[in-house]
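Biologist: I am new to this structure and would like a close look at a single part of it. Could you take one chain, go through it slowly, and then turn to what surrounds it?

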Amino acid sequence: MALRRLVLVLGLLAGSSRVGDAQGVVVAPHAVYLDHRTRSGSITLYNPGSEPTEVTISSIYGYPVTDSVGHFMLYLPDSVQAGMPSATAWIDAFPRKMTLAPLQRQTVRLLARPPQDLADGEYWSRVVISAKGGALPVAGADTAGIQVGLNLEVRTIIPLIYRKGVLNTGLAASGLRTSVAGDTLKVRPHLERKGTAAFVGTAKGSLLSASGATVATFQQPIAVYYDADPVFTMPLSGQPAGHYRLRVEYTTERTDIQPELLLRAPPALDSIEVTLP
Amino acid sequence: MRSTTRVSAALAAIFSLTAAAAQAQSASISATATVYQAMTVTGARTLDFGNVFPGVSKAIAVTAATSGQFSLTGQSSANVNLTFTLPTNLTSGANNLPIGTWTGCTNPTNSTAGCTAFTPSASATASAFSGTGALWVWVGGTVTPAANQAAGTYTGTVQLTAAYF
Amino acid sequence: MRRCVLLTAFALLAVVRALTGQTQVTAIRDLAFGAVIRGVQTTVAPSDPIKSGRLYVRYKIGGQVQVAFTLPTRLNRVAGGGNMPITFASTDAIAQGTAGSSQPVTFDPNNPITFTLQTSADFYINLGGRVTPAANQATGAYQGTVVLTCTFF
């Protein structure tokens with residue numbers, strides 16, 4: 001039986017058959033905040049690649065939760081029930097479809113048309129930016145004259161928060177526990193959101209020696225919409241066995257979000273004694 | 001003498017007026033910009049199986065030079081969810097070629113050494129950006145051609161969704 | 001002699017008064033880069049109808065106007081705690097008279113330049129530029145001040 005060769009190239013996410021010929025889309029900001037007074041906002045798209053990219057904008061309702069091992073996951077309900085603070089149905093994007101030329105920027109306007117009786121509060125949605133590169137030829141096809149197109153698609157999902165009225169936020173931290181896994185300290189708190197808006201901020205952990213010196217730290221952006229039981233990891237390389245104290249602070253500081261968009265709240269603090277083996 | 005003084009004073013006044021004729025006016029505007037954190041997902045390298053023979057399965061490991069590769073950038077240390085939409089067959093006209101046994105690996109650096117393995121699927125895989133806001137993802141898989149698999153070039157589409165919190 | 005001196009003085013005074021009445025320098029629009037992505041240089045062309053800075057100058061036909069920019073080298077973060085480089089290239093300014101026959105003149109905003117007003121008594125100046133945010137540039141609003149000084153002859 002004559003062996004026949006098959007040439008297979010699987011296209012991935014705006015990639016090409018050549019290393020370094022990357023394709024994707026830059027989305028900024030990575031979180032959108034709309035206010036009821038202006039009811040509008042925008043995102044900027046940028047194609048850093050050398051090929052045109054088709055982009056489609058859509059939206060879904062979802063919010064972050066934590067799974068059984070403490071990882072943040074995006075919960076997407078099958079349907080939006082009454083009482084869910086979803087803004088998805090009344091926020092539109094313009095344009096919804098576009099083709100970005102290489103190095104082209106595009107501003108996408110987001111306009112909100114909420115119900116007239118919308119109560120004060122915070123409403124959530126997720127903006128989905130789908131980018132599809134063009135069909136790319138495949139080198140080395142076994143049969144001359146055959147052209148191959150690769151459909152490449154990538155999706156970026158970013159949060160959208162709509163605010164109406166005077167809102168407040170806060171966080172209650174409790175149930176702090178730790179475990180050692182190799183050279184990593186796993187930190188697991190129980191976080192309960194307070195107030196009327198999601199807690200968007202940063203978790204900062206410090207491991208202090210018996211003498212009070214800081215020997216290890218971690219810092220991670222967090223977004224707590226309801227309750228969460230996240231896991232944070234802290235490197236322990238070289239730390240000797242003994243007794244330490246772990247302090248964790250949850251603040252409404254973020255370096256990646258404009259300061260005026262952050263709802264401020266007093267820091268939530270928690271601490272626990274830690275024994276390293 | 002008094003007339004000379006008056007002339008001198010008048011001439012001085014004339015010269016001062018002449019200098020004032022070249023007068024200046026100013027106006028100012030602001031230069032403004034708003035810096036945003038961006039999120040980028042880029043397909044850096046195609047998953048390439050190369051030549052495949054009928055009846056002979058071929059697997060591309062995530063560590064292979066022809067594994068699929070993606071690069072993501074975002075806020076340092078931030079969490080991100082990765083989900084995949086994967087084909088079950090590659091196609092060449094009416095011909096299908098099964099593909100599966102997907103493998104994946106993530107790393108905060110551009111190296112598969114010490115990367116964290118995962119199974120690409122429609123279920124989310126939790127990951128996080130490095131302290132410098134980088135994340136690399138590799139994808140491998142296995143194709144299973146039939147003994148009478150038709151010749152041709154087979155293609156498919158893989159979709160990666162990166163969800164930011 | 002005295003009468004001659006006084007007449008000359010009054011004539012010059014009249015010239016100065018006329019000079020003052022004809023001159024105008026007005027800010028029209030800020031140079032607005034808008035959304036800028038960390039690590040990605042952003043440029044606004046002087047021909048951009050929305051984002052470029054724009055000023056208006058009025059004098060008289062036949063007059064000379066020297067225009068000089070005082071340009072910032074950095075934009076400061078409004079909330080404090082950082083700044084970002086801003087630069088202006090030799091082609092980042094355009095002067096355009098209001099007469100239909102006026103031709104745009106591209107010039108270097110980093111250096112003073114003198115225009116002789118031949119077809120228009122007034123003209124607009126557009127200003128472009130570029131900002132270069134670092135990969136870890138602090139997010140938020142940034143601002144700087146651009147001053148245009150016109151000397152009328």
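**A close look at chain A**

Modeller: Of the 277 residues in chain A, 40% are buried, a value that, like everything that follows, was computed from a predicted model. The secondary structure of chain A consists of 20 strands and 0 helices. When contacts in chain A between residues at least 6 apart in sequence are considered, 72% of them join residues at least 24 apart.

The chain is divided into domain 1, covering 26–164, and domain 2, covering 169–276. The C-alpha centres of these two domains of chain A lie 30 Å apart, and where the domains meet, the contact takes 15 residues from domain 1 and 13 residues from domain 2. On the domain 1 side of this contact, β6 (63–66), β11 (121–133) and β12 of chain A each supply at least two residues, and β6(A) gives the most, with 4 residues. Sorted by class, that side of domain 1 has 8 nonpolar, 5 polar and 2 charged residues.

Since β6(A) gives the most to that side, its pairing is a natural place to look next. β6(A) and β7(A) run antiparallel and are joined by 4 bridges; one residue pair in this arrangement is A:V65, whose bridge partner in β7(A) is A:M73. Strands of a sheet pair through backbone hydrogen bonds, either parallel or antiparallel. The two strands β6(A) and β7(A) form a hairpin with 5 residues between them, and in the turn A:G70 has a positive phi of about 95°. Along strand β7 (residues 72–75) of chain A the side chains alternate, with A:F72 and A:L74 buried and pointing to one face, whereas A:M73 and A:Y75 point to the other face and are not buried.

A residue of domain 2 can be followed in a similar way. A:A223 is found in strand β16 of chain A, which spans residues 214–224. Why is A:A223 counted as buried? There are 21 other C-beta atoms within 10 Å of A:A223, and the cut-off for a buried residue is 20 or more, so A:A223 falls in that class. Leaving aside its neighbours within four places in sequence, A:A223 is in contact with A:P64, A:A198, A:V200 and B:F165, a list that includes a residue of chain B. A:L76 lies 147 residues away from A:A223 along the chain, and the C-alpha atoms of these two residues are separated by 16 Å.

The buried interior can also be viewed as a whole. The largest nonpolar core holds 129 residues, of which A:V25, A:V27, A:L45, A:V224, B:V80, B:Y164 and C:I125 touch the most other members. Strand β12 (residues 152–164) of chain A gives the most to this core, with 6 residues. Because both domain 1 (26–164) and domain 2 (169–276) of chain A give residues to this core, the core lies between them. A:V27, one of the residues that touch the most other members, is in contact with A:I43, A:L45, A:I129, A:T156, A:I158, B:A38 and B:M39, once its neighbours within four places in sequence are left aside.

Chain A also touches chain C, and that contact takes 9 residues from chain A and 7 residues from chain C. On the chain A side, the elements that give two or more residues are β2 (23–28) and β4 (40–46), and the residues of that side divide into 5 nonpolar, 3 polar and 1 charged.

To complete the picture, chain C itself deserves a brief description. The secondary structure of chain C comes to 1 helix and 13 strands, and from the N terminus on, the helix is followed by the strands. Buried residues make up 33% of its 153 residues, and among contacts in chain C between residues at least 6 apart in sequence, 73% join residues at least 24 apart. In chain C, 5 strands form an open sheet in the order β1-β4-β11-β8-β9, with antiparallel pairing. The edges are taken by β1 (24–29) and β9 (105–107) of chain C, each of which has a single partner strand, so one side of each is left without a neighbour in the sheet. From one strand to the next, the twist averages 20°. For the edge strand β1(C), the partner is strand β4 (residues 53–58) of chain C, which runs antiparallel to β1(C) and is joined to it by 5 bridges; within this pair, C:T26 has C:Y56 in β4(C) as its bridge partner.

Terms used. Residues numbered from 1 in each chain as written. Chains lettered and ligands numbered in written order. Predicted model: local features only at pLDDT ≥ 70, side-chain atom pairs only at ≥ 80, totals over all residues. Contact = placed C-beta atoms within 7 Å. Nonpolar A, V, L, I, M, F, W, Y, C, P; charged D, E, K, R; others polar. Buried ≥ 20, exposed ≤ 12 C-beta atoms within 10 Å, placed from the backbone. Core = buried A, V, L, I, M, F, W, Y, C linked by C-beta atoms within 7 Å. Domains from an automatic or database assignment. Pairing = 2+ DSSP bridges. Axes fitted to C-alpha atoms, helices over the stretch in contact; angles between N-to-C directions.
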